[in-house]
Structures are given as C-alpha cells and as structure tokens.
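Subject: Structure handover and what was found in it

Dear colleague,

I am passing on the structure we spoke of, and below it you will find a description of what came out of going through it. Please keep the sequence and the 3D view open beside this message while you read.

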Amino acid sequence: MANFKPSDPDYEARLRESFCSQGLMKLIGAEIISISPGHCEIRTPFNETVSQQHGFFHGGVVGAVADSAGGYSSFTLMNPGDGVLTVEYKLNFITPADGDELIASGRIIKSGRTLTVCHVDVFVVKLG
C-alpha cells in the first residue's frame, strides 16, 4: 500500500463528522471501522432493511457502502473545506452478498489534483 501524507492533520475528525451527516449510512447502520491516509473501511450489519428478496444484502446497499468507502479514502488526503463527490464507479458482483456483515475497504490507487482513483473491495462475513 502506498504511503500517503494527509494535508490536514485533523482529517480523521473531519471525515467522521462528514460520515455522521450521511442519512443513508445512518439508515443502514453503517459505521467506519478503520481510517488511515488513503484508506477507509466501513462495516454494515445485515438486517431486513438492507436485504433483497432472496435474503442477501441488496446490491444497492453494496454499491452505496462501496461508494462511501472509496470517497472517504479520498477524503483523507483533502484539504480542510474541500468536498468529495463520486464521478464514476463500476461494480462487479462475483457472488451473492450472503452474510452477517458487509465490509467495504477503500484505498487510493492514484491521488491527482482534481480526481482521485480508488479501489474498493467489498466482502461479507458470516459470524458464528
């Protein structure tokens, strides 16, 4: 993993404040479980609110959590007062998201002046 240096020493507090203001992340019970420069990991517990008709995590939830993990990994390197918006993302579903927790781990691939490219891995965990 690349060694990124944040321009704002208070990036973590800004990121957590921004994350807490997202209504969708509150609705689905998502929480940040790891932050470091160029990286953000988000966990969402399974419940009927985030399910689809077969009892798996809904693809829209998978995409939303992936989007946030990638966006917030970028946010770790932004200046105070800057904002982050997704320009584009592509999602490949390899297997149904069947588990107790959904985890999205975002990391920066390339940090540019106006665009940052991220990679996000999303997986499910079965507990017990």
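On one side of helix H1, Ala13 and Glu17 are exposed, whereas the buried residues of this helix are Tyr11, Arg14, Leu15 and Phe19. These four buried residues lie on the same side of H1, because they cover an arc of only 130 degrees around the axis. Please bear in mind here, and in everything that follows, that this is a predicted model. What do the buried residues of H1 pack against? They pack against helix H2, which runs over 23–27, and against E1, E2 and H3.

The segment before H1 is where you will find Asn3, and this residue is exposed, with a relative accessible area of 80%. Asn3 and Ser21 are 18 residues apart in sequence, and their C-alpha atoms are 28 Å apart in space.

Next come the strands, which are easiest to follow pair by pair. E1 and E2 pair in the antiparallel sense over five bridges, and within this pair Ile32 stands opposite Ile42, while Ser34 has Glu41 as its bridge partner in E2. The hairpin of E1 and E2 has two residues between the strands, and in this hairpin Gly38 takes a positive phi near 85 degrees.

E2 also pairs with E3, again in the antiparallel sense, and here there are seven bridges. Cys40 stands opposite Gly106 in E3, and Glu41 stands opposite Ser105 in that strand. Is E2 enclosed or open to the outside? Five of the seven residues of E2 are buried, so this strand is largely enclosed by the rest of the structure.

E3 and E4 run antiparallel and are joined by ten bridges, and they form a hairpin with four residues between them. Ser111 stands opposite Thr116 in E4, which is a pair you can look up in the 3D view.

Several of these elements meet again in the largest nonpolar core, which has 23 residues. Those that touch the most other members are Phe19, Ile28, Ile32, Ile42, Phe57, Val61 and Val65. At least two residues of this core are supplied by each of H1 (11–20), E1 (31–36), E2 (39–45), H3 (59–75) and E3 (101–111). Which element supplies the largest share of this core? The largest share comes from H3, with seven residues. If you would like one residue to start from, Val61 touches Ile28, Val50 and Leu102, not counting residues up to four places away in sequence.

Helix H3 also holds Ser74, and it is worth asking whether Ser74 is buried or exposed, and what the reason is for calling it so. Ser74 has a relative accessible area of 7%, and since a residue counts as buried when this value is under 20%, Ser74 is buried. Leaving aside its neighbours within four places in sequence, Ser74 is in contact with Val84, Ile108, Thr116 and Cys118.

Finally, there is the largest pocket, in which about 1,100 Å³ of space lies. This pocket is lined by 40 residues, and of these Gly70, Glu88, Tyr89, Cys118 and Val120 lie nearest its centre. The elements that give two or more residues to its lining are H3, E3 and strand E4, which spans 116–125. Which of the elements gives the most to the lining of the largest pocket? E4 does, with nine residues.

As you read back through the model, you may like to take H3 as a thread, since this helix supplies the largest share of the core, seven residues, and is also among the elements that give two or more residues to the lining of the largest pocket.

With best wishes

Conventions:
Residues numbered from 1 in each chain as written. Predicted model: local features only at pLDDT ≥ 70, side-chain atom pairs only at ≥ 80, totals over all residues. Heavy atoms only, no water. Core = buried A, V, L, I, M, F, W, Y, C linked by side-chain atoms within 4.5 Å. Buried < 20%, exposed > 50% of the residue type's maximum accessible area, 1.4 Å probe, protein only. Contact = heavy atoms within 4.5 Å. Arc of directions from axis to C-beta. Pairing = 2+ DSSP bridges. 1 Å grid on protein atoms, 1.4 Å probe; cavity = no way out; pocket = protein on both sides within 12 Å on 5 of 7 lines; lining within 4 Å. Points joined across faces, edges and corners; volume = space filled by probe spheres on them.
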